[in-house]
Protein chains: 2
Amino acid sequence: MAIASIKEVAQLASVSVGTVSNVLNRPEAVSPATRERVLNAMSELGFVRNESARALRSGRTRTMGLVVLDVTNPFFTDVAKGVEAAADASGMIVTLCNSDQDGPRERRYLDHLEEQRVQGILITPVEARNPHLEQIIDRGTPVVLLDCRTRKRNRCSVAVDDVLGGRLAAEHLLAQGHRRVAFAGGPRSISQVADRRRGAAAAVAEAGGEAALTFLETPSLSFTSGRHAGEQLLETDPARRPTAVFCANDLLALGLLQELTARGLRVPDDVALVGYDDIDYAAAAAVPLSSVRQPREELGKVAAELLLEEIDEGESHRHRHVLFEPELVVRASSARP
Amino acid sequence: MAIASIKEVAQLASVSVGTVSNVLNRPEAVSPATRERVLNAMSELGFVRNESARALRSGRTRTMGLVVLDVTNPFFTDVAKGVEAAADASGMIVTLCNSDQDGPRERRYLDHLEEQRVQGILITPVEARNPHLEQIIDRGTPVVLLDCRTRKRNRCSVAVDDVLGGRLAAEHLLAQGHRRVAFAGGPRSISQVADRRRGAAAAVAEAGGEAALTFLETPSLSFTSGRHAGEQLLETDPARRPTAVFCANDLLALGLLQELTARGLRVPDDVALVGYDDIDYAAAAAVPLSSVRQPREELGKVAAELLLEEIDEGESHRHRHVLFEPELVVRASSARP
DNA sequence: GGACTTGTATGAAACGTTTCAACCGTCTTG
DNA sequence: CAAGACGGTTGAAACGTTTCATACAAGTCC
């Protein structure tokens, strides 16, 4: 029942184990005749190389770990696709782990990855400060931070410029003639939310005049929160009500959209809307949603390339921080009234 | 730089390597005093167990592989969550692989998993007939088929009853008084599409009388296909036009919904709609969408449990095929006109 | 024909664990 | 007090590879 080992293959092909190993790793160094003999023996026995033994002896694996906050979130799955593409191109395999925003869970996965002796780790950490991750880096495993704005000395990072994203959205709404603009999102503690708001605020401030940005704080970035934000909006005096809302997230924007239309307000005529993330359903909404798109696959690809670079260069590697620019996609929800 | 080994820990704690190993694996078998001494040595040296060596010597890993068709698809990520929950509960780690519907890619991942000597594999195969997978089973790695209706002798499988799902949707529409019902979906070659249609057809046939099911064939299950199906529907003579449409998929239903409302038809008053999959956005649509929900997490959980069972029982294991029942979620889109 | 090279193949020593028979005190029991 | 049981520890042999120094044979060159 047990899978045949290199030894049995060697015996069947009447060569030494060293030769079998050579067929596996440096086929050009063995004569065509014996090579074929060995290959035949392998397929006859159904030989499958034992990666554990290989990793143990050679001291290196062909694996990198990717730890994301939520596999259910299209943002991360797209990032994962980019990572896989880059890893694939250099013969690496990606172990995808889902921390589910849970600290202990993240820790378990990190332990596992380190025990596996992965070549490197890509991670969007649950907490920015993570002593455990620090230890892993100290022990010599390269780590690249994904979508995390804290620029540390001892690791590379890639992220998208959320401040710029906020600015783009707000500038667009201002250009459409809106003066009373709202930013919806929360909680404030999420750095993405804070940054997007900050960018929007800066744009509004620069516009000068009577332009103003109000803040509709929400408890989360969910669809339901969007509906509540809609109710809140409807309660305000129509004369002072914002004519445009920039939402920290598409889900929020979709909830808001539904609440507004259900209550008889028209989008974009009464209220213009811009979301963030450009999820698939943004274009498919009742009123197609304008949104800020992040280069998700590209983000993953570059992160993986940075990691591969570090793995290659070892000690001599100089850490880098790459910041991507988001892009505004204009659709019906923010057309000029 | 290299991570400390058990040997160095043993030296620092002045015990034998055997004792260190015992601390790791059977802590109750070593006296509290030495145990503490070893533990201290470990943390002082930053010891991290080498999983390769462990796996090599002990002959077993603590890993199972999960190969899905598309990590971007919420169906599979929910299934993955269920798998992880079950694996977690018995101390297993899941390696998540994305075949992306690509045969060669799937094969690479399977090779990798087998080389890693995973304890078992959960897979939704790209092709039903897969000789490579067959070989893996023959060599002794347990495999459980996920969401795949072909019941083979040499492996367990779990799936959801699509015929029943189709029947539930159609029976609901018939109960609302509809007689001219349409099924939208395609291509026919997808077994899920064929099964759902079959179930709906059976229900309509049983209803008898003038009840009839027409077929709106679509080239794919996308949002855009839904819009085209809407156009098609609008072109038919209003007197003979179906008053209800059951879509093979929510995305399709959402496209259809948007096209119909854009052209002035009201849902559910003029046309009732039922989708399939109950994706997050179904409830969030302009008109909340009735849909057939599959027990996705449960599917993954049971699949993993079946696999764990087989790993446990070994030769004596009897393969089983579990079929789940889907559930209809009624919302506004199919309310009685 | 001796001294190199070149191309292949070999054998044994690692890699870091787990496992297990053996050992040594100390305690219990009849 | 002898015999056995028990709790704790040890040492060495595996596990299946890779790696490397070595060996051998066949050319090549002066």
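This is a chat about a predicted model of two protein chains and two DNA strands.

Q: How are chains A and B related?
A: A turn of 180° with a shift of 0.2 Å along the axis lays chain B on chain A, and the RMSD is 0.3 Å. The two copies are thus related as by a two-fold rotation axis.

Q: Which residue of chain B comes closest to that axis?
A: Ser52(B), whose C-alpha is at 2.3 Å from the rotation axis.

Q: How many residues does each chain put into the contact?
A: Chain B gives 37 residues and chain A gives 38.

Q: And which elements of chain B are involved?
A: Those giving two or more residues to the side that touches chain A are α4, α5 (74-89), β2 (93-98), α6 (103-115) and α11 (250-262) of chain B. By class, that side of chain B has 16 nonpolar, 13 polar and 8 charged residues.

Q: Why say that the copies meet through the same surface?
A: Because 100% of the interface residues of chain B are also interface residues in chain A.

Q: Moving to the DNA. What surrounds strand C?
A: There are 26 residues around DNA strand C, and the closest are Gly18(A), Arg57(A), Ile6(B), Ala53(B) and Arg57(B). Divided by class, the surface near DNA strand C has 9 nonpolar, 12 polar and 5 charged residues.

Q: Which helices supply that surface near strand C?
A: From chain A, α2 (17-25) and α4 (51-58) each supply at least two residues. From chain B, α1 (6-13), α2 (17-25) and α4 (51-58) each do so.

Q: What about strand D?
A: DNA strand D has 27 residues around it. Ile6(A), Ser21(A), Arg57(A), Gly18(B) and Arg57(B) come nearest. For this strand, α1 (6-13), α2 and α4 of chain A and α2 and α4 of chain B each supply at least two residues. The classes near DNA strand D are 10 nonpolar, 12 polar and 5 charged.

Q: What does UniProt list for residues 4-58 of chain A?
A: An unreviewed UniProt entry gives those residues as "domain: HTH lacI-type". In the model the span is 71% helix and 0% strand, with its end C-alpha atoms 20 Å apart.

Q: Pick a residue: Ala55(A). Where is it?
A: Ala55(A) is in helix α4 of chain A.

Q: Buried or exposed?
A: Ala55(A) counts as buried because it has 23 C-beta neighbours inside 10 Å.

Q: What is Ala55(A) in contact with, leaving aside neighbours within four places in sequence?
A: Arg60(A), Thr61(A) and Arg117(A), plus Ser52(B) from the other chain. Ser52(B) is also the residue of chain B that comes closest to the rotation axis. As for Val118(A), which is 63 residues from Ala55(A) along the chain, the two C-alpha atoms are separated by 9.9 Å.

Q: New topic, the nonpolar cores. How many residues are in the largest?
A: The largest nonpolar core has 94 residues. Cys247(A), Leu273(A), Cys247(B), Leu257(B) and Leu273(B) touch the most other members. A second, separate core has 82 residues, including Ala80(A), Val83(A), Val144(A) and Val158(A).

Q: What does Leu273(A) contact beyond four places in sequence?
A: Among its contacts are Val245(A), Cys247(A), Leu256(A), Leu257(A), Val267(A), Pro268(A) and Leu289(A).

Q: What kind of peptide bond joins Val267(A) and Pro268(A)?
A: A cis bond, with omega about 10°. Pro268(A) is in the loop between α11 (250-262) and β9 (272-276) of chain A.

Q: And from Gly186(B) to Pro187(B)?
A: That peptide bond is cis too, with omega near -10°. Pro187(B) lies in the loop between β6 (180-185) and α9 (191-207) of chain B.

Q: Which way does phi go for Gln101(B), positive or negative?
A: Positive: phi of Gln101(B) is near 60°, and the residue is not a glycine. Most residues other than glycine have a negative phi. Gln101(B) is in the loop between β2 and α6 of chain B, and it counts as partly exposed because it has 13 C-beta neighbours inside 10 Å.

Q: What about phi of Asp278(B)?
A: Phi of Asp278(B) is near 50°, again positive in a residue other than glycine. Asp278(B) is in the loop between β9 (272-276) and α12 (280-283) of chain B. Asp278(B) is buried, with 22 other C-beta atoms within 10 Å.

Note on methods:
Residues are numbered from 1 along each chain as its sequence is written. Chains are lettered from A and ligands numbered from 1 in the order in which they are written. This is a predicted model: local features need pLDDT of at least 70, side-chain atom pairs count only at pLDDT 80 or more; totals for chains, interfaces and linings use all residues. A residue is near a molecule or strand if its C-beta atom, placed from the backbone, lies within 6 Å of it. Helices (H or I, at least four residues) and strands (E, at least two) are DSSP runs, numbered from the N terminus. Ala, Val, Leu, Ile, Met, Phe, Trp, Tyr, Cys and Pro count as nonpolar, Asp, Glu, Lys and Arg as charged, and the others, Gly among them, as polar. A residue is buried if 20 or more other C-beta atoms lie within 10 Å of its own, exposed if 12 or fewer, and partly exposed in between; C-beta atoms are placed from the backbone. Two residues are in contact if their C-beta atoms, placed from the backbone, lie within 7 Å. Copies are superposed by least squares on the C-alpha atoms of residues with pLDDT of at least 70 in both. A nonpolar core is a set of buried Ala, Val, Leu, Ile, Met, Phe, Trp, Tyr and Cys residues joined through C-beta atoms within 7 Å. UniProt positions are given in the numbering used here, feature names are shortened, and annotations may be inferred rather than shown by experiment.
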